[in-house]
Amino acid sequence: MIIECSSCHARYQYDEDRFERKPSKKIKCAKCGTIFEIFNPAFAEKKAASHDSTAARKQDATYTRPPAKKKEETTEQSPIPENRSTGKIGSEAVMPQGKRLSLAVINGPDAGSVYRIEKPRVTLGRAGADITLNDSECSRVHAAITVRDVIIQVEDLKSTNGTLIDGQRIGDPVEITDKSEFQIGATTLMLIVTDDH
């Protein structure tokens, strides 16, 4: 068991057999020299029940092992579910359940084409991108669509001509929804969200 000096709070490991079946013992602190009383855990419950002793109750709370374990368990357990839930909501790129996402080209060299978004992050550009557009005004990898369940964002990837929404060039990722339009180079695209049957 662990004992603690009532004066300087120095802690020591104490073998319970050294109580020699006595309910309590007086110990001299090796650090500050204070003499303090320690209680045998085997007698603590009986003493607290028979005498309404505050010292015995203090002993129960401070020196017996189960309360210490309880404290450790609660501090260990409470943060874990919170972290798990915050990790899943809004931060991980993940496709929404039961929805089909597509990008339709409504203006530009590829007008009429429809591209299915099949993974949480898709890049758009002239060459080396997930969706390749026949648009000389597009950068090689121009923009990206990131899907975090119900939140869908378009992000400019430091392109030469920029990514525009409502004619305004965007700097940070911008959330888009069903039927939202954005422009990269000379190409205007529309996000289409439908139920996946």
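This tour goes from the whole chain to one sheet, then to a strand pair and a single residue.

**Whole chain.** Start with everything selected, bearing in mind that the model is predicted. The protein chain holds 4 helices and 15 strands. Of its 197 residues, 31% are buried. If you switch on the surface, the accessible area is about 12600 Å², and carbon and sulfur atoms account for 49% of it. Among contacts between residues at least 6 apart in sequence, 38% join residues at least 24 apart.

**The six-stranded sheet.** Next, select the strands β6, β5, β15, β14, β11 and β12, which lie in that order in an open sheet with antiparallel pairing. Colour residues 114-117 and 168-169 to mark the edges: these are β6 and β12, and each pairs on one side only.

**β11 against β14.** Now move to residues 163-165 and 181-184. These are strands β11 and β14, which run antiparallel and are joined by 2 bridges. Pick T163 in this pair and look across to β14, where I184 stands opposite.

**T188 in β15.** Last, select residues 187-195, which form strand β15, and find T188 within that strand. Is T188 buried or exposed? T188 counts as buried because its relative accessibility is 13%, and the cut-off for buried is under 20%. To see what surrounds T188, leave aside residues up to four places away in sequence and show the ones T188 touches. One group is A104, V105, I106 and N107. The others are E181, F182 and Q183, and residues 181-184 make up strand β14. In the sheet order, β15 sits between β5 and β14.

How values were computed
Residues are numbered from 1 along each chain as its sequence is written. This is a predicted model: local features need pLDDT of at least 70, side-chain atom pairs count only at pLDDT 80 or more; totals for chains, interfaces and linings use all residues. Side-chain values use heavy atoms; hydrogens and water are left out. Buried means under 20% relative accessible area, exposed over 50%, partly exposed in between (1.4 Å probe, protein chains only). Contact means heavy atoms within 4.5 Å. Accessible areas come from the Shrake-Rupley method with a 1.4 Å probe; for residues, only the protein chains shown count as cover. Two strands pair if DSSP finds at least two bridges between them.
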